[in-house]
Amino acid sequence: MSEIVSNRISFSGRTGAKPAPRARARDTQPAVGKHIALYGKGGIGKSTTTSNISAALAEAGYRVIQIGCDPKSDSTNTLRGNHYLPTVLDSVRGGNKVRLEDISATGFKGILCIESGGPVPGVGCAGRGINAAVTLLQELHLFEEFKPDFVLYDVLGDVVCGGFAVPIRDGITDRAYVVTSSDFMAIYAANNLFKAVNKYAPTGGAKLGGIIGNGLSAGYSNAIIDDFASRTGVSVAGYVPRSLMVSQSELYGKTVIEANPKSEHADIYRALAKHIADNDDLVIPQPLGTNDLRDWARDWGDRVFNLENSGGAARVAA
Amino acid sequence: MSNIENPRTGCALHGALATLEAIEGVVPIVHANAGCAIQHALANQDTGGYIGGQSVPATNIIDKQVIFGGGARLREQIKNTAKVIDGRLYVVVGSCACAMVGDELTGMAREAAEQGVPVAASNVAGFHGGVHRGYERVLLDLIERLPELESTPPHREEDARPLVNVLGLVPGGNPYYKGDLEELRRILEAIGLRANVFFGPDGYAALRSLPHARLNLVFSRWGEALAARLEEKYGTPQLIFDAAPLGIEEVSLFAQALVERLDLDAGAAERFLEREEALAEYFLLGAANRYFDEGVGKRVALVGDTEIVLRIGSFLSRFAAVDIRTTIHTDRDDDEDIPAYFDGDTHASRDSGEIAAILRASDIDLIFASALETDVARALDVPLLVISPPSRDRAPGGQTYAGLRGAVALGADFLTLIRQARRTDEENAKRRIVAGRG
């Protein structure tokens with residue numbers, strides 16, 4: 001049979017051979033559950049939002065782990081009545097053999113609460129700390145043992161250096177959400193996270209699930225967030241308006257879901273949690289350049305100015 | 001700098017270590033993860049001192065200290081070091097990891113000093129550059145710190161001769177730096193000065209007398225920042241040279257400059273130089289006759305720090321009528337403009353691969369370089385004289401290629417190489433004749 005099999009010329013037998021699969025930086029792709037990282041500017045309400053999402057997911061019957069990735073170690077406070085919980089890095093520092101039960105606490109509706117911890121302010125390297133804590137949790141087979149449906153990583157502040165990008169690198173999480181208000185600095189931080197996602201996603205890092213608008217009070221807040229989302233090619237997972245109820249629940253050391261389960265706000269968090277649970281539409285965002293972001297902000301400054309000066313009559317449209 | 005292959009001498013931390021080790025009485029304490037100190041011992045084999053080389057106190061920090069800060073570990077290491085190693089000054093030098101984490105070395109040093117242990121610190125982190133940067137940085141830090149450490153000024157000898165500081169010859173910058181320094185000392189003392197070399201046996205006490213010098217002598221650009229700081233701080237004037245003097249002509253100019261500047265006895269200097277010149281002739285004249293037959297006009301390449309390249313290059317071109325075809329400077333950045341000191345082409349590189357390629361493309365009879373150029377010299381079938389680090393098999397004693405004795409040594413080594421090369425050529429020719437191929 002004189003069939004032409006191939007017209008390719010092979011040099012030293014290499015042509016046609018498949019390239020070796022790219023070795024992962026570390027073999028950590030969690031086999032169990034959806035792993036979600038939440039980022040956002042400091043003080044924007046990440047922990048509150050994350051805890052309420054965790055609570056809503058747990059209430060819906062899912063097995064949930066929430067990991068606070070912040071040296072302040074207060075991410076899971078409202079899920080477990082503000083009790084003291086030794087952090088993962090506290091135990092590393094102690095130098096003893098670490099057991100999962102020593103560094104985790106069961107909170108509202110069975111949520112497993114973990115705090116990575118970190119150095120005291122002003123010394124050491126918090127970024128490296130997060131990296132070490134996450135690695136240790138994997139070594140302890142946390143996910144295989146607990147078999148979660150969802151793991152939420154509540155990551156501090158901005159992605160200022162490589163250490164803070166750990167949760168979205170190397171396949172630790174496969175999706176990130178960013179919590180932001182309509183304030184420029186919060187959006188600036190969100191845009192920075194987009195840059196990090198944009199950098200790492202092509203090589204196995206997390207993609208973006210969407211934006212969570214939080215603490216929105218002005219009439220134009222949603223429009224600003226929508227506009228930013230559309231320009232960067234991402235979707236908005238939900239809008240959480242500013243509410244006294246959130247602060248009040250927090251003062252009682254509880255999530256809104258626990259403290260005011262029948263409130264409208266609890267339903268907002270439930271809807272948000274459902275969206276996050278169901279959403280598999282993950283994207284690589286297109287962050288704005290520094291100057292574009294500035295121009296965009298100035299443009300919004302003008303619009304908001306006009307709006308305020310026309311007695312609220314002008315319609316705000318993206 | 002791209003694609004570095006065998007980058008010669010190590011990082012800034014290594015330069016700081018080489019500097020500290022060379023000062024007797026000074027004990028370095030390395031605040032780093034395991035590996036930084038041993039790499040220094042491996043990369044800079046001919047440095048080291050009382051405390052140094054492979055036995056250096058070090059914190060050997062681990063992940064825990066990176067995350068939470070290594071202050072406590074360092075405090076412990078300073079305390080333990082002072083307990084078991086007798087030093088007049090302990091100097092903490094930090095690594096890249098410590099600098100990135102922001103460990104506060106000076107704070108720890110001050111704390112220890114308050115408890116009576118004389119400790120200085122230098123955040124010298126390897127990423128600041130090569131060994132030269134480390135030399136510069138650690139000495140700058142010591143210049144600032146030393147006055148704070150002891151309230152009483154160091155004991156001053158009752159010696160009327162003016163003191164001059166010798167700066168810019170970096171430990172390990174060339175394999176024979178110890179011999180170079182001692183030769184400079186010999187010349188300086190012969191013309192009526194006291195030399196503050198502070199490396200070697202004079203050690204810590206000499207370091208303490210840096211502020212008391214009448215003049216700072218700078219022998220490479222790596223001493224310029226030090227001299228500038230000493231001038232700012234103590235008003236000491238400076239005299240800057242591109243390189244250490246080599247050969248009677250340069251030493252004479254050097255001596256003359258000092259005689260004028262410090263109002264020394266010109267007659268004494270002259271008598272010394274005359275005697276030295278006569279000695280040099282006595283040693284080399286016989287050999288020189290042969291040299292005129294075989295050595296004149298040899299085409300050479302020089303590889304090393306700017307200081308040694310200039311020092312040896314200008315001596316050879318003047319004294320030995322050698323043709324400097326190629327110079328490769330190993331302590332310069334790629335994008336730096338290097339003045340064309342010689343007629344031949346000038347390069348900056350510390351990448352052994354790149355250096356070998358440059359040498360291969362040059363039309364040369366002899367190479368003055370490091371032991372890393374052994375292979376390319378063999379491939380080109382030209383002799384190699386080691387003038388820059390690493391020297392590998394060649395262990396330096398008190399040998400020098402500086403001053404007047406250095407000129408005799410270099411002249412002799414140069415002639416030896418030429419003769420050996422000629423001998424090899426002759427033997428090869430004979431073999432060819434015997435084999436009937438001539």
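Leaving aside its neighbours within four places in sequence, with which residues is Ser221(A) in contact? In this predicted model, those residues are Ser182(A) and Leu216(A). The report begins with the surroundings of this serine and then turns to other sites and to the interfaces.

## Ser221(A) and its partner

Ser221(A) belongs to helix α6 of chain A, which covers residues 221–232. Its relative accessible area is 1%, and because the limit for a buried residue is under 20%, Ser221(A) is classed as buried.

Of the two contacts named above, the one with Ser182(A) can be described further. Ser182(A) and Ser221(A) lie 39 residues apart in sequence, yet their C-alpha atoms are 5.2 Å apart in space. The two side chains are joined by a polar contact of 3.2 Å.

## Thr232(A) in helix α6

Helix α6 of chain A also holds Thr232(A). This threonine has a relative accessibility of 1% and therefore counts as buried. Its side chain comes to 2.8 Å from the backbone oxygen of Phe228(A).

Beyond the neighbours within four places in sequence, Thr232(A) touches Asn191(A) and Phe194(A), together with Pro285(A), Gln286(A), Pro287(A) and Leu288(A).

## Ser75(A) in a loop

Ser75(A) is placed in the loop of chain A that runs between β2 (64–69) and α2 (88–94). With a relative accessible area of 4%, Ser75(A) is buried.

The side chain of Ser75(A) makes a polar contact of 2.7 Å with the side chain of Asp154(A). When neighbours within four places in sequence are set aside, the contacts of Ser75(A) are Ser47(A), Ser51(A), Gln66(A), Gly68(A), Glu115(A) and Asp154(A).

## Chain A as a whole

The three residues described so far sit in a chain with 10 helices and eight strands. Chain A has 318 residues, of which 50% are buried. When contacts in chain A between residues at least 6 apart in sequence are considered, 78% join residues at least 24 apart. The pair Ser182(A) and Ser221(A), at 39 residues apart, offers an illustration of a long sequence separation.

## Domains of chain B

For chain B, the domain assignment gives domain 1 (12–149), domain 2 (163–268) and domain 3 (282–426). The contact between domain 1 of chain B and domain 2 of chain B involves 23 residues of the former and 25 residues of the latter. The centres of these two domains, taken over C-alpha atoms, are separated by 26 Å. Between them, domain 1 of chain B and domain 2 of chain B bury about 2,300 Å², with 68% of this area on carbon and sulfur atoms.

Two salt bridges are found across this domain interface. Glu144(B) and Lys233(B) form a salt bridge in which the closest N and O atoms are 3.4 Å apart. Six residue pairs are in polar contact between domain 1 of chain B and domain 2 of chain B, both residues being at pLDDT 80 or more. On the side of domain 1 of chain B that touches domain 2 of chain B, the elements giving two or more residues are α1 (12–21) and α7 (131–149) of chain B. The most comes from α7(B), with 12 residues. By type, the residues of this side are 13 nonpolar, four polar and six charged.

## Interface of chain B and chain A

Between the two chains, seven residues of chain B are in contact with 11 residues of chain A. The buried area is about 830 Å², and carbon and sulfur atoms give 64% of it. Lys64(B), Ile67(B) and Phe68(B) account for 70% of the area that chain B buries against chain A, more than any other three residues.

One salt bridge is counted between chain B and chain A. Asp63(B) and Arg128(A) meet through their side chains in a salt bridge, with an N to O distance of 2.5 Å. Four residue pairs of chain B and chain A are in polar contact, both residues being at pLDDT 80 or more. Helix α3 of chain B, residues 63–68, gives the most to the side of chain B that touches chain A, namely five residues. The residues of that side comprise four nonpolar, one polar and two charged.

Conventions: Residues are numbered from 1 along each chain as its sequence is written. Chains are lettered from A and ligands numbered from 1 in the order in which they are written. Side-chain values use heavy atoms; hydrogens and water are left out. Helices (H or I, at least four residues) and strands (E, at least two) are DSSP runs, numbered from the N terminus. Buried means under 20% relative accessible area, exposed over 50%, partly exposed in between (1.4 Å probe, protein chains only). Contact means heavy atoms within 4.5 Å. A polar contact is a pair of N or O atoms within 3.5 Å; within protein, one must be able to donate a hydrogen and the other to accept it, and residues adjacent in sequence count only if both atoms are side-chain atoms. Domain bounds come from an automatic or database domain assignment. Buried area is the accessible area (1.4 Å probe) that two parts lose on being put together, summed over both. A salt bridge is a side-chain nitrogen of Lys or Arg within 4 Å of a carboxyl oxygen of Asp or Glu. Ala, Val, Leu, Ile, Met, Phe, Trp, Tyr, Cys and Pro count as nonpolar, Asp, Glu, Lys and Arg as charged, and the others, Gly among them, as polar.
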